[in-house]
Amino acid sequence: MVKGVNTLSTMLSVNNNILNKTVARSLNYFSEKGGKAVEKLSSGSRINRAGDDVAAISINAKLDTKLRGIAKAQLNITEVFSLLDVTEAGLIEAQQSAFKIKELYIQALNGTNSIDELNAIQTQINAQVQYLKNARERM
């Protein structure tokens with residue numbers, strides 16, 4: 001009987017040992033899975049390692065490239081708008097100067113000006129023309 005008890009005890013010990021190993025393996029497996037899940041949750045990213053999702057990494061790289069391209073296009077558009085603003089301001093100044101020249105010309109043609117006044121008007125017209133030439137050189 002003692003011999004039978006030892007055999008039963010050994011069988012229980014072996015069965016418990018197999019059960020312990022199975023539980024330990026399952027615990028390790030689920031701990032790894034849980035660790036990966038926690039890592040994904042904490043980073044907010046679906047892809048944390050190259051092995052996570054190869055296709056998603058490729059798609060992500062393409063989208064990143066497109067986003068950088070769009071950001072550069074937006075920057076270029078902003079620069080074009082700035083250039084247009086500067087050009088518009090220059091055109092407004094040129095238009096105002098041309099109107100001033102026209103007004104001076106009409107004033108000179110009214111027939112009531114003396115020679116000194118006509119010379120002064122011509123000096124103002126020359127100054128406006130020079131201003132337009134300088135503006136053109138600045139652009």
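Confidence in this predicted model, given as pLDDT (the predictor's score for each residue, from 0 to 100), averages 79 over the protein, with 71% of the residues scoring at least 70. Helix H1 (residues 2-43) comes out lowest, with a mean of 62, while H3 comes out highest, at 90. Helices here are DSSP runs of H or I with at least four residues, numbered from the N terminus. Two stretches stay under a pLDDT of 50: residues 1-5 and residues 7-12. For residues 1-5 the model has zero contacts (heavy atoms within 4.5 Å) beyond four places in sequence, and for residues 7-12 the count is zero as well.

On to H3, which runs over residues 115-138. With 24 residues at 1.5 Å each, the helix should span 34 Å (the expected span being 1.5 Å times one less than the number of residues), and its end C-alpha atoms do sit 34 Å apart, so the two values agree. Ile121, Ile125 and Ala135 are the buried residues of H3, where buried means under 20% relative accessible area, exposed over 50% and partly exposed in between, with a 1.4 Å probe and protein chains only. The cover over these residues includes helix H2 (54-109).

Ser97 is part of helix H2. Its relative accessibility is 4%, so Ser97 counts as buried. Leaving out residues up to four places away in sequence, Ser97 touches Gln128, Tyr131 and Leu132.

Numbering starts from 1 along each chain as its sequence is written, and side-chain values use heavy atoms, without hydrogens or water. Local features need a pLDDT of at least 70 and side-chain atom pairs 80 or more, whereas totals for chains, interfaces and linings use all residues.

Note on methods
Helix = DSSP H or I, 4+ residues; strand = E, 2+ residues; numbered from the N terminus.
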